[in-house]
Amino acid sequence: MNRNPAVDAFIAGAPEEQQALLKRLRNLIRKALPHSEENFTNGMPVYTVGKARAWTAGFGSRKNCPMFYIMSSAHLDRYAEELGRSRTGKSCIAMAPTRTLSLPQLEAIA
């Protein structure tokens with residue numbers, strides 16, 4: 001998989017308290033989608049698979065917490081109980097310190 005320098009810069013420019021989690025999210029996505037392409041689109045890292053180049057996953061940094069995006073709401077529906085209030089939209093998981101998922105939970109979802 002390619003390593004996009006814009007993603008490195010994005011993580012380095014995020015609030016210091018979010019950087020470790022953003023790196024962890026990047027590694028989880030890269031492990032779960034080894035044949036994906038790492039891009040930087042619309043101000044955030046996104047991962048695409050296949051010729052259609054549709055977003056499959058991504059992550060971002062908001063003021064209050066990092067966000068983890070999985071672009072399959074059906075996939076996230078399978079983890080509704082574990083996600084609880086962390087799921088903030090069809091494809092968004094808020095990684096707020098008060099409700100951050102454990103590493104095994106993140107790995108299972110990814």
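How many bridges join strand 4 and strand 5, and in which sense do these strands pair? They pair in the antiparallel sense over three bridges. This is a predicted model, in which local features need pLDDT of at least 70 and side-chain atom pairs count only at pLDDT 80 or more, while totals for chains, interfaces and linings use all residues. Residues are numbered from 1 along each chain as its sequence is written, and side-chain values use heavy atoms, leaving out hydrogens and water.

**View 1. An open sheet of five strands.** The order is 1-2-3-4-5, with antiparallel pairing (strands pair if DSSP finds at least two bridges between them; strands are DSSP E runs of at least two residues, helices H or I runs of at least four, numbered from the N terminus). Strand 1 (37-41) and strand 5 (92-94) are the edges, each pairing on one side only. From one strand to the next, the twist averages 25° (axes are lines fitted to C-alpha atoms, for helices over the stretch in contact, with angles from 0 to 180 degrees between N-to-C directions).

**View 2. Across the pair and onto the sheet.** Here you can find methionine 67 opposite alanine 94 in strand 5. Helix 2 packs on the sheet and touches strand 1, strand 2 (44-49), strand 3 and strand 4 (contact: heavy atoms within 4.5 Å). The direction of helix 2 makes about 165° with that of strand 3.

**View 3. The largest nonpolar core, with 23 residues.** Such a core joins buried Ala, Val, Leu, Ile, Met, Phe, Trp, Tyr and Cys residues through side-chain atoms within 4.5 Å (buried: under 20% relative accessible area, 1.4 Å probe, protein chains only). Phe59, Phe68, Ile93 and Ile109 touch the most other members. Helix 2 gives the most to this core, five residues.

Conventions:
Buried < 20%, exposed > 50% of the residue type's maximum accessible area, 1.4 Å probe, protein only.
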